[in-house]
Amino acid sequence: MVVLVDAHCHLSDMKDYSPSKNVIPVASGYSHKSNLKTAEIAKRLGVPFSLGIAPQSVIGNADLDGLDSWLDFIKKGGPNAIGEIGLDYHWAKNDEDVKREELVFGKMLDLAGEMNLPVVIHGRKATPDIIDTFRMRKFSQPIMMHFFAGSVSEAKWVVEQGGFISTPPLHAKERRNAIHEVPLENLLVETDAPYVVRTPEQVRDAVSYIAEIKSLDFDAVAEQTAKNAHRFFNF
Ligand SMILES: [Zn+2]
């Protein structure tokens with residue numbers, strides 16, 4: 001049986017996670033506090049992990065005084081990727097929030113370049129600006145669009161860069177269209193547990209979703225998406 005890879009979940013926020021033989025979870029941090037926990041859990045379990053400061057955690061009156069030390073922790077933590085990071089226009093309330101998001105996103109992209117690591121991108125309602133940012137910077141590290149919710153043309157742009165579209169087990173018309181157009185070699189599967197579904201085991205549903213859209217066997221999708229994840233996260 002193929003061992004699936006859940007390319008994005010938050011083990012740090014799961015009270016009752018127990019390791020499984022069937023699914024390797026990639027643990028993702030999103031704030032300094034969750035990065036501390038994520039690195040500890042992932043190292044203990046021997047699973048890949050990503051560390052980053054996500055846009056939704058730097059809005060409002062979030063205190064950014066610790067930013068340099070947060071970056072330092074990521075540098076020393078030995079993650080497989082920088083993430084989740086990005087821009088989020090759903091939760092940003094005003095220009096000030098957007099500015100803070102941009103500042104932190106820029107620092108995270110610099111860090112990924114410096115550490116020569118791939119990036120896991122959160123882009124709620126902000127995919128066009130994220131793509132613009134990559135373009136302007138001529139960003140060249142591998143990209144994974146976590147919980148992809150963009151258009152077919154945005155998905156194609158990511159594929160042209162050799163990047164990955166990550167699919168949650170949630171059905172949506174735009175997502176179906178994008179998955180249909182993206183080669184299996186550029187797809188990953190994820191759960192975003194415990195927020196979208198409860199456990200990394202449910203990544204099976206994302207595999208089934210792709211298999212159905214592309215008229216492929218479950219095992220073929222399971223195998224290729226696992227291979228893609230091993231390559232992207234280098235484990
Ligand atoms: Zn997430």
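Here is a friendly chat about helix H6, a buried threonine, some salt bridges and a pocket in a predicted model.

Colleague: Hi! What should I know before we start?
Modeller: This is a predicted model, where local features need pLDDT of at least 70, side-chain atom pairs count only at pLDDT 80 or more, and totals for chains, interfaces and linings use all residues. Residues are numbered from 1 along each chain as its sequence is written, and side-chain values use heavy atoms, with hydrogens and water left out.

Colleague: Great. Which residues of helix H6 are buried?
Modeller: In H6, residues 173-181, the buried ones are Arg175, Ala178 and Ile179. Buried means under 20% relative accessible area, exposed means over 50%, and partly exposed is in between, with a 1.4 Å probe and protein chains only. Helices (H or I, at least four residues) and strands (E, at least two) are DSSP runs, numbered from the N terminus.

Colleague: Why are those three on the same side of H6?
Modeller: Because they cover an arc of only 100 degrees around the axis. That arc is taken from the directions from the helix axis to the C-beta atoms.

Colleague: And which exposed residues are on the face turned away?
Modeller: Lys173 and His180 are the exposed residues carried there.

Colleague: What covers the buried residues of H6?
Modeller: The cover includes helix H5 (152-160), strand E7 (164-167), strand E8 (187-189) and helix H7 (203-214).

Colleague: Let's pick a residue in E7. Is Thr167 buried or exposed?
Modeller: Thr167 lies in strand E7, and Thr167 is buried, with a relative accessible area of 1%.

Colleague: What does Thr167 touch?
Modeller: Leaving out residues up to four places away in sequence, Thr167 touches Arg175, Ile179, Leu187, Leu188, Val189, Glu190, Ala206, Tyr209 and Ile210. Contact here means heavy atoms within 4.5 Å. Two of the buried H6 residues, Arg175 and Ile179, appear among those contacts.

Colleague: New topic! How many salt bridges are there?
Modeller: The count comes to six. The rule asks for a side-chain nitrogen of Lys or Arg within 4 Å of a carboxyl oxygen of Asp or Glu.

Colleague: Which residue pairs with Glu212?
Modeller: Arg176 does, at 3.0 Å, N to O. This pair links distant parts of the chain, with Glu212 in helix H7 and Arg176 in helix H6, 36 residues apart. Glu212 is partly exposed at 44% relative accessibility, and Arg176 is partly exposed at 32%.

Colleague: What about Asp72?
Modeller: Asp72 forms a salt bridge with Lys76, and their closest N and O atoms are 2.7 Å apart. Both sit in helix H2 (residues 67-77), four residues apart, about one turn of the helix. Asp72 counts as partly exposed at 30% relative accessibility, while Lys76 counts as exposed at 67%.

Colleague: Why does that spacing matter in a helix?
Modeller: An α-helix has 3.6 residues a turn, so residues three or four places apart point the same way.

Colleague: Last one: how much space lies in the largest pocket?
Modeller: About 480 Å³. A pocket is an open set of points on a 1 Å grid over the protein atoms alone, where a 1.4 Å probe fits, with protein on both sides within 12 Å along at least five of seven lines. The volume is the space filled by probe spheres set on the points, which are joined across faces, edges and corners.

Colleague: And what lines the largest pocket?
Modeller: It is lined by 21 residues, and His122, Arg124, His146, Phe147 and Asp192 lie nearest its centre. Lining residues have an atom within 4 Å of a point.
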